[in-house]
Structures are given as structure tokens and as C-alpha cells.
Amino acid sequence: MRNPFAHYLLVGVIAFVLGGAGGVFAAGTIPGPGGVITACFQVQQNEKDSSAKPKDDGGRSGQLRLVASAEECGKNERAITWNQVGQKGDTGATGATGAAGSTGPTGAAGATGPTGAAGLTGPTGPTGAPGATGPTGATGPTGPSGTATSAAFGFRVVVDASRSGVATTVTVTVLDQFGNVADLYRGRIRFTSTDPGATLPHDYTFTPQDAGTHTFAPPNGVTLVSVGAQTVSATDVLDASISGAASITVGPASLSVVASPSTVAAGERFSVTVTALDSLGNAVSDYRGTIGFTLSSPYGFVPPYYTFTAADGGRHTFTSAFGISRAGPGTIIATDTFDAAVTGTSDTITVTSGPASAFRVIGSGGARGVPLGLNVLVRDVFGNVVTDYRGTVRFTSSDPVATLPADYTFTGLDAGVHDFVVTFLTTGTHTVTVTDTLTPAVTGTSLSPIVITP
């Protein structure tokens with residue numbers, strides 16, 4: 001391959017050497033055959049005759065031109081030859097870096113190199129959103145049955161809520177040391193209790209049908225009598241180390257409610273004493289329940305809810321805290337707010353009417369001069385009939401000439417109600433007023449106008 005850089009360097013050297021004498025550098029065809037560079041050097045026409053006067057050659061002397069062969073040199077030219085490559089000179093100074101050329105086309109991809117060593121594991125990225133739930137897989141085959149345990153370690157005893165004297169349910173479950181049901185247990189158990197008056201189930205031998213659990217329901221259950229904290233225990237008859245117990249708070253059987261006095265006037269305040277009792281009728285001194293009251297009559301008042309304290313000792317008196325406004329028989333009912341079965345009702349309270357407060361007067365209309373009926377009823381402030389009223393009443397009317405009954409004193413036979421006769425002598429609308437002769441504030445006027453026709 002031709003080295004253009006060497007070519008131009010060699011030409012420059014020749015031009016420098018020969019041109020120093022005023023020669024001219026002219027380009028020619030290089031190199032010639034065999035790698036030889038040939039040039040023709042222009043000399044003056046009379047250079048061979050030094051005694052001759054130099055001739056004017058138009059400035060061509062000193063020119064150097066490269067040729068393919070020496071035969072191309074003229075008569076006033078001297079052929080000069082030299083090899084294309086000369087002795088290597090000293091390395092010149094590095095020239096300035098030229099501007100980067102345009103990027104050539106991408107070469108074909110080389111063969112894949114060997115896999116490098118694995119780098120360090122990077123930090124864990126954030127958890128992505130959960131994917132959709134896949135379809136349920138097929139059910140696997142059923143595994144082999146486990147071996148049932150029969151090594152009893154203890155009993156779990158559960159007693160339902162209990163009231164004194166009321167039979168309740170007790171359930172006994174046999175457990176192994178890990179708390180599993182010992183369903184192969186066939187032992188015999190016996191019950192005991194801290195309540196000396198308790199009625200307990202008889203000794204019982206577990207059967208295969210029990211599978212480790214048996215429930216003793218009334219009438220074969222547990223009946224506790226003593227109110228308060230009690231325990232019910234179950235123990236293996238042959239091995240006392242296999243046992244278990246349940247703790248339970250026994251509530252009272254009932255509440256005793258006594259009103260005093262037993263006969264009161266309507267609206268009159270009276271007292272009530274409430275006592276918590278066990279099934280044997282004994283007072284439950286440690287009763288701490290909360291009770292509420294109701295009346296058999298919708299008319300009256302009772303105290304708010306009350307919670308028994310240690311100072312009560314199971315009995316509390318509500319002084320002048322009750323009242324019934326409807327005359328007749330009545331009762332007070334006390335009920336435990338936690339267990340409605342713990343309740344009690346007082347004996348019948350006789351409620352009499354209060355003192356007379358007004359008269360209800362009802363008359364019927366009719367013809368002038370005809371005797372007409374007039375009904376008078378004595379009422380207390382609550383609207384009860386005052387059956388024991390013994391007062392004397394006087395009649396007046398808007399008809400100044402009407403014939404009215406004479407003053408009348410009520411008797412026991414009246415029981416607070418009496419019928420009279422009135423004769424109106426003038427037509428129109430009239431009223432009749434009845435008034436107690438001793439207490440004028442006790443009065444009453446006919447409820448509706450009485451219409452008298454001619």
C-alpha cells in the first residue's frame with residue numbers, strides 16, 4: 001500500500017535541498033517501477049560551459065519535476081533518482097488532534113463473552129400489588145385418622161347460672177395433659193360441693209357414647225342452696241388426682257316485699273321493706289343485687305333503682321317512698337335487674353279514696369214542670385269515689401223558681417253516690433250546683449247545660 005505521508009515528506013525534502021538554490025519544486029508521477037522515484041532537475045542552458053555567459057531561460061532553472069522514467073528528462077534537465085523509502089528520521093512532535101470524524105456504521109455484534117461473576121444483591125424493592133386469586137385447587141386425599149387419646153389428666157366442669165334452690169345444668173369434659181378431649185375415658189366420677197345443702201348428681205361412669213363429655217341436666221343436675229360464691233367439683237373415683245371444679249355465684253331464690261301500712265288513702269305515702277331470701281327462706285346477708293319496682297296500678301309512684309350494700313345485710317326499707325292514687329287493691333313488685341327470676345310481690349295493699357274534693361253533677365233535660373233526675377257523685381282529688389263521705393250538701397240552680405232538693409246528708413248506704421229529683425219551672429238552658437255546707441270549696445256544677453222545653 002502506497003504511503004502518501006512518506007511521498008509528500010520526501011518531495012518536501014528535495015524541494016528544500018534544491019530549492020535553497022532558488023530551484024522550483026514541480027510535481028511528477030511517483031513512484032516509478034521498482035519503487036524508485038525519478039525527477040528531472042532544470043539546469044541553465046550553458047551550465048556545462050562555465051566560461052559561457054548564462055542565458056535567460058525564463059526562470060525555469062532550478063525546477064524539479066517528478067517523472068515516471070529518466071527518458072522523460074529534456075536536454076537541459078538532469079535526471080535524479082532515489083528510493084521511495086529512506087532512512088527513518090526522528091519522530092516528529094505530535095500534531096494537534098484533529099476534529100472527530102463522523103461516526104461510522106455500527107459493526108457486526110461480536111460473540112457473547114463469558115458470564116461475569118454475580119454482583120451484590122440490591123435492596124428489596126417495594127411490594128407489588130397482590131395478584132388475582134387463583135382458582136381453588138382440587139381437594140387432596142383424606143389423611144389417615146389420628147389416634148384418639150384416653151389418658152385422662154383432669155376435668156373441665158361448667159355449671160350454668162344458679163339461683164338458690166333451683167336445679168341447674170352441669171357439664172363435665174375429660175381432658176388429657178395437652179387440653180385435648182380424652183374421648184376414650186371410661187372412668188367413674190363423683191361430685192362434691194362447698195355448699196353443704198347442695199343436691200348433686202350420683203356417681204357416673206363414662207360410656208363410649210359420651211366421647212369424653214357428659215351433661216347432667218335437671219332433674220339430674222345440680223341444686224345449690226347457699227347463696228354466694230360456691231364450687232362444684234368432679235373427681236375420678238379411683239384416681240383422685242384426676243379432678244376439676246367450677247366456681248359459681250349462687251343468687252337468691254326470691255325477694256320478700258312487705259308494705260307498711262297495708263291500708264292507705266289514695267296518694268298517701270307508705271313504706272316497703274325488701275329482703276333477699278334463699279330457697280329455705282333465710283335472708284341472704286351478702287346480697288349485692290340491684291332491684292327495680294313496679295305497681296299493679298298504673299297510677300302512683302315508686303323509688304328509683306336501688307343496689308344493695310354491705311350495710312343492708314340483704315334487707316332494705318324504703319321509707320315513705322311509695323304511693324298509689326287509684327282506690328282499690330294494689331301490690332308492689334320488686335325484681336332483680338340482672339336476673340328477672342329473682343322477684344317478689346307484696347301482699348295486697350288496700351287503697352281507700354281520699355277526702356272529698358268535688359262533686360260530679362249530671363242532670364237530664366225535659367219539659368218544664370216535670371220532675372227530672374239529678375245524679376251526684378263525690379270525688380277525691382284523684383277522681384276516686386269517696387265512698388265514706390258523710391257530708392251535707394245544698395242545691396242551687398240558674399232557674400230561680402226551680403223546685404230543688406232539700407239539704408241532704410250522705411250515709412254509708414250511699415257509698416258516695418246519690419240520686420235526686422229537680423223540677424224546672426222555666427224553659428231554656430239551666431244548671432244545678434251542689435256545695436258542701438261545711439266546706440264550700442267542695443262543690444260541683446252540672447257537667448252539661450240542662451235544656452228545659454215548654
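**Exercise 1. Find how strand β17 is joined to strand β21, then place the pair in its sheet.**

Step 1. Strand β17 covers residues 269-277 and strand β21 covers residues 315-324. Six bridges join them, and they run antiparallel. Strands here are DSSP runs of E of at least two residues, helices are runs of H or I of at least four, and both are numbered from the N terminus. Two strands count as paired if DSSP finds at least two bridges between them.

Step 2. Pick a residue to get the register: Val-272 has Phe-318 in β21 as its bridge partner.

Step 3. Now zoom out. The open sheet has four strands in the order β15-β17-β21-β19, with antiparallel pairing. β15 (254-260) and β19 (300-301) stand at the edges with a single partner strand each, so one side of each has no neighbour in the sheet.

A word on the source: this is a predicted model, in which local features need pLDDT of at least 70 and side-chain atom pairs count only at pLDDT 80 or more, while totals for chains, interfaces and linings use all residues. Residues are numbered from 1 along each chain as its sequence is written, and side-chain values use heavy atoms, with hydrogens and water left out.

**Exercise 2. Work out which strands β9 is joined to.**

Step 1. Start with β10 (residues 204-205): two bridges join it to β9 (residues 188-193), and the two run antiparallel. Ile-189 sits opposite Tyr-204 there.

Step 2. Go on to β13 (residues 228-236), which is antiparallel to β9 and joined to it by five bridges. Here you'll find Ser-193 opposite Val-232.

**Exercise 3. Sort out the pairing in the sheet β27-β35-β32.**

Step 1. This is an open sheet of three strands, and its pairing is mixed. Its edge strands, β27 (366-367) and β32 (428-430), each pair on one side only.

Step 2. Check β27 against β35 (residues 450-453): two bridges, in the parallel sense. Gly-366 stands opposite Ile-452.

**Exercise 4. Track down the disulfide and say what it ties together.**

Step 1. Searching the whole structure for cysteine sulfur atoms within 2.5 Å turns up one disulfide.

Step 2. The partners are Cys-40 and Cys-73, with sulfur atoms 1.9 Å apart. The angle about the S-S bond is -90°, a left-handed link.

Step 3. Cys-40 lies in β2 (residues 36-42), and Cys-73 lies in the loop between β3 (63-67) and β4 (77-83), so the link ties together parts 33 residues apart in sequence.

**Exercise 5. Describe the surroundings of His-418.**

Step 1. His-418 belongs to strand β31 (residues 417-423).

Step 2. Setting aside neighbours within four places in sequence, its contacts (heavy atoms within 4.5 Å) are Leu-374, Asn-375, Val-376, Tyr-408 and Phe-410.

Step 3. With Tyr-408 there's also a side-chain polar contact of 3.3 Å. That term means N or O atoms within 3.5 Å; within protein, one must be able to donate a hydrogen and the other to accept it, and residues adjacent in sequence count only if both atoms are side-chain atoms.

**Exercise 6. Work out what lines the second largest pocket.**

Step 1. A pocket is an open set of points on a 1 Å grid over the protein atoms alone, where a 1.4 Å probe fits, with protein on both sides within 12 Å along at least five of seven lines; lining residues have an atom within 4 Å of a point.

Step 2. There are 20 lining residues, with Thr-249, Val-250, Gly-251, Pro-252 and Phe-338 nearest the centre.

Step 3. β6 (162-163) and β14 (243-251) are the elements giving two or more residues; β14 gives the most, with four.
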